[in-house]
Amino acid sequence: MTAIKTQGLTKKYKDVVAVSDLSLEIDEGEIFALLGVNGAGKTTTIKMLSTLIPPSSGKAEIFGMDAVKDKDAIRPLMGVSPQETAVAPALTVKENLEFMAGVYGVNGKSATDELIERFGLSEVLGRKAKTLSGGWQRKLSLALALVNSPRLLFLDEPTLGLDVLARRQLWKEVESLKSKTTILLTTHYIEEAESLATKVAMLNKGKLAAAGTVDELKEKYGAASLEEAFVAAARGGDENANA
Amino acid sequence: MRTLNFAGRNIKELVRDPLSIIFSLALPLFLLFIFKQINIPSPSYALDNFTPGIIVFSFSFVSMFTAILIAKDRSTSFLTRLAVSPMKPHEYVSGYVLALLPPVCVQVVAVLALALILGLKPPWGVLLALPVALVISLPFIALGILFGSITNEKAASGVSSIVVQLVSFTSGMYFDRSLVGDGFAVVCEVLPFESALTLLKAALNLDLSVIEPRNIIVFCAYTVAFFVLSVVLFNKNMSKGK
């Protein structure tokens, strides 16, 4: 089943085109990475697909539902971990999880117990979120996004600012969700996309430069690595292709 | 249920930032106590006039810490996370309002208790003053939501201090507006703070004759306007972040 389908998705802010004519399809169970430099349009794309902002033109469908008209039906099916950690700073880890369980109306205890175990949060359960290290805050942020067992998960720069060990640990958590949850993640770390994603889309100045599996992209640009393919795609103009 | 869940979270955030609560509680109590000791020979500083003035003054701090809480929630993208959840717009605003009412209650009870200790008469007015004070606090909470929706965390306290100044100068708590001239008196009548104080004063002193229709109209109009504006601006800016 198709989890996400966009056709000519465009977002303009006055004279600035943040995302232009984006068309792609993401199958259910995939980990799909949106790769691009700062200002490439990754976060704006996530905001449109997660029903936070409407597109200026074009269309996005989530599980066959319109991302604008059917947002009330879509929202309970998805989870979002924004670029900032977006946790309640004065609440403890446990209280953060219980609060989000209340927001989604799910059974607080069973939902939070499973997440506490999966993310190893028991050792920081009673600590206020603002006192946690960056790595723990990211883990909590991801756990909060999973409290409603979403079918679709948006991760906006999930490892931004983390050291290499914390990043690898978080990758492990994301990988464990593979096939159970469709994941759309944005990143400007090439190795993150290469390591996690089943498919990658490269955005350049708001436009889709290329999309496909890592091997397809390497082959397409005759590149030895995804980084080389990315550089070639960024320099080589636009190509609006379906993933 | 989601409103109560959100209100519970907001209360925890507020009480775990003790500086704002202590400041909004300690300063009004200190002012009430110290002005009573100074014993200024002016009716404005008599306990039956100054106590409701101090309560309305303390609400300007409610505006301030509401604004700071909301600006902080926006800057950390916490509200972005909630914006894509099943929560509805009215649940956010009512969640903030509900969370603010307990601290407001504590403020009012503390100020009234100190006033009684200092010799406030007649004491029965305090029973009416408490529910009236909760109603009077509503436009201040709405102003806090409004300021928190349009400012960042650093600017929120600065912008909110405008309310502190306006209450001090235009409510009539420190001086009779007639002493400053007709022009200033009009400003006091047009703004909601004098009307808010008059309503609370009437309740505390069990003297409804001091209320003019203008006081009710001005207070209600501002309360509705502040809430409508705060809901519109909050919905517009809740996920805009910094």
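How many residue pairs are in polar contact between chain A and chain B? The count is eleven, with both residues of each pair at pLDDT 80 or more. The model is predicted.

**The interface**

α3 of chain A gives seven residues to the side that touches chain B, the largest share. Three elements of chain A each supply at least two residues there: β6 (78–81), α3 (93–104) and α5 (134–145). By type, this side of chain A holds 17 nonpolar, seven polar and six charged residues.

On residue numbers, chain A brings 30 to the contact and chain B brings 23. A:Leu52, A:Phe99 and A:Val103 stand out: they supply 26% of the area that chain A buries against chain B, more than any other three residues. Together the two chains bury about 2200 Å². Carbon and sulfur atoms account for 60% of that area.

Charge pairing comes next. The rule finds one salt bridge across the interface of chain A and chain B. The side chains of A:Glu95 and B:Arg16 meet in a salt bridge, at 2.6 Å from N to O.

**Empty space**

A probe the size of a water molecule, rolled over the atoms, shows where empty space is left. Two such spaces are described here, a pocket and a cavity.

The second largest pocket has 15 lining residues. Nearest its centre lie B:Gly172, B:Asp176, B:Arg177, B:Glu194 and B:Lys201. Helix α9 of chain B, residues 192–204, gives four residues to this lining, the largest share.

Cavities of 30 Å³ or more come to one by the rule. Its lining is made up of B:Pro139, B:Phe140, B:Leu143, B:Pro192, B:Phe193, B:Ala196, B:Phe219 and B:Phe226. In chain B, α6 (125–150), α9 and α10 (213–237) are the elements that give two or more residues to this lining.

The table sets out volume and lining type for each space.

| Space | Volume | Lining residues by type |
|---|---|---|
| Second largest pocket | about 350 Å³ | five nonpolar, six polar, four charged |
| Largest cavity | about 40 Å³ | eight nonpolar, no polar, no charged |

Which residue types line the largest cavity? Nonpolar residues do, eight of them, with no polar and no charged residues. The lining of the second largest pocket is mixed: five nonpolar, six polar and four charged residues.

Technical notes: Residues numbered from 1 in each chain as written. Chains lettered and ligands numbered in written order. Predicted model: local features only at pLDDT ≥ 70, side-chain atom pairs only at ≥ 80, totals over all residues. Heavy atoms only, no water. Contact = heavy atoms within 4.5 Å. Buried area = accessible area lost by both parts, 1.4 Å probe. Salt bridge = Lys/Arg side-chain N within 4 Å of Asp/Glu carboxyl O. Polar contact = N/O pair within 3.5 Å; in protein donor to acceptor, adjacent residues only side chain to side chain. Nonpolar A, V, L, I, M, F, W, Y, C, P; charged D, E, K, R; others polar. 1 Å grid on protein atoms, 1.4 Å probe; cavity = no way out; pocket = protein on both sides within 12 Å on 5 of 7 lines; lining within 4 Å. Points joined across faces, edges and corners; volume = space filled by probe spheres on them.
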